Amino acid sequence: MTTKSYEVNEGTVTVVQPVASKDFIETPFVRDVIDRAMHYLKAGFPVHLRGIAGTGKTTMALRLAEFLDKPVVWLQGDEELSTTHLIGGDIGYHRRSLRDNFISSVLKVEEDASREWVDNRLTHACQNGYTLIYDEFTRSRPEANNVLLSVLQEGVLNFPTSRGKGEQVIRVHPDFHAIFTSNPEEYAGVHRSQDALRDRLVTLDLECFDRETEMRITHKKSGTALPDAAKIVDIVRSVRESGQYEFAPTVRGCLMIAKAVHAYKGKVKIQKTDPLFRQICLDILTSETSRIGSKTTAKKVKDIVLKAISQYCKNGNGNGHG
Ligand SMILES: Nc1ncnc2c1ncn2[C@@H]1O[C@H](COP(=O)(O)OP(=O)(O)O)[C@@H](O)[C@H]1O
Ligand SMILES: [Mg+2]
């Protein structure tokens with residue numbers, strides 16, 4: 001994650017304090033998304049950042065949270081997540097051993113089923129007016145997410161079982177905001193019917209970054225000189241523009257190539273004649289574009305990558321770092 005943050009324990013819930021990071025790249029492309037998202041959030045709508053892996057959703061969500069300037073409660077979408085993970089539940093268990101007074105060899109174990117309600121993340125955020133980031137929310141089962149419907153629609157959090165002092169409902173704090181992310185490639189999985197929830201969110205579809213943003217992220221996060229970062233980005237963009245893949249390569253591919261070159265400490269030149277540079281590009285781009293290892297896709301990608309290397313990496317400087 002680009003936006004730096006630190007965690008604080010608040011009872012049973014860990015909250016994240018987002019802190020501004022110098023690594024965050026804010027080009028006009030990025031600013032446009034942030035501006036729109038901030039206005040929707042300020043208008044009281046939850047924002048949903050949707051896009052394939054590597055479009056900067058998680059980084060953007062943290063940046064937005066940083067602007068909202070409230071502690072962040074983080075939820076990671078997961079098949080195993082239940083309503084209890086969101087709002088809390090009756091946990092805690094009482095167990096004690098007793099020595100029987102009459103028959104000293106008998107040890108009685110007393111188990112007490114009186115459980116205690118413990119708040120979880122969503123309850124904590126709603127009550128204190130924190131920001132909820134629910135990353136990859138479509139990975140969770142829709143039943144687990146249902147509790148969010150009334151939070152987002154009516155501003156109330158309903159508890160399915162009696163919570164502690166008999167409270168069944170709490171009002172959501174006016175400072176509460178929610179930011180969701182999801183990857184449309186994952187809707188093909190089992191949990192596609194999150195429609196009720198999606199209805200209540202303003203969805204912003206994130207495209208892959210523009211050239212300037214990709215160059216600047218690659219430069220900033222790998223230390224590669226800007227002209228060399230541009231070559232790497234142009235190679236990756238050629239593959240993306242070709243459409244010859246199962247999965248589009250993103251800025252992650254650019255970063256992986258740049259960091260791999262860096263690991264060779266100057267031994268790899270970003271030049272078309274360097275066989276190792278060509279191999280790094282092929283390794284990373286064939287794996288990023290075909291996650292099931294399709295030979296046909298790999299062959300097409302290989303041709304495009306080699307052509308792009310000859311086009312963009314004329315020999316000359318290109319020793320990687322500046
Ligand atoms: N605005 C940005 N500034 C700097 N780095 C960024 C920015 N957006 C994304 N990145 C970097 O790009 C990569 C992918 O971003 P990430 O937020 O993980 O994407 P996603 O959540 O969509 O998969 C990460 O290495 C991230 O640090
Ligand atoms: Mg992410």
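## A pocket and a bound ligand

In this predicted model, the second largest pocket has a volume of about 190 Å³. Its lining is made of 13 residues, and those closest to the pocket's centre are Gly 44, Pro 46, Val 151, Phe 176 and His 177. If you sort the lining of this pocket by class, you find 9 nonpolar and 4 polar residues, with no charged ones. Two elements, α6 (147-153) and β12 (177-182), each provide at least two residues of that lining.

Now let's turn to ligand 1. Around it are 18 residues, and Lys 57, Thr 58, Thr 59, Lys 221 and Arg 252 are the closest. The shell around ligand 1 includes 8 nonpolar, 6 polar and 4 charged residues. Helices α2 (57-68), α8 (211-222) and α10 (251-263) each contribute at least two residues to this shell.

Where does ligand 1 lie with respect to domain 1 and domain 2? Both domain 1 (4-84 + 119-205) and domain 2 (211-312) give residues to the shell, so ligand 1 lies between them.

The table lists polar atoms of the protein and their distances from an oxygen atom of ligand 1.

| Residue | Polar atom | Distance to an oxygen atom of ligand 1 |
|---|---|---|
| Lys 221 | side chain | 2.5 Å |
| Gly 54 | backbone | 2.8 Å |
| Gly 56 | backbone | 3.0 Å |

How much of ligand 1 does the protein bury? Taken alone, ligand 1 exposes 550 Å², and the protein buries 90% of that area.

Technical notes: Residues numbered from 1 in each chain as written. Chains lettered and ligands numbered in written order. Predicted model: local features only at pLDDT ≥ 70, side-chain atom pairs only at ≥ 80, totals over all residues. Heavy atoms only, no water. Near = heavy atom within 4 Å. Polar contact = N/O pair within 3.5 Å; in protein donor to acceptor, adjacent residues only side chain to side chain. Areas by Shrake-Rupley, 256 points an atom, 1.4 Å probe, with all protein chains shown as cover. Helix = DSSP H or I, 4+ residues; strand = E, 2+ residues; numbered from the N terminus. Nonpolar A, V, L, I, M, F, W, Y, C, P; charged D, E, K, R; others polar. Domains from an automatic or database assignment. 1 Å grid on protein atoms, 1.4 Å probe; cavity = no way out; pocket = protein on both sides within 12 Å on 5 of 7 lines; lining within 4 Å. Points joined across faces, edges and corners; volume = space filled by probe spheres on them.
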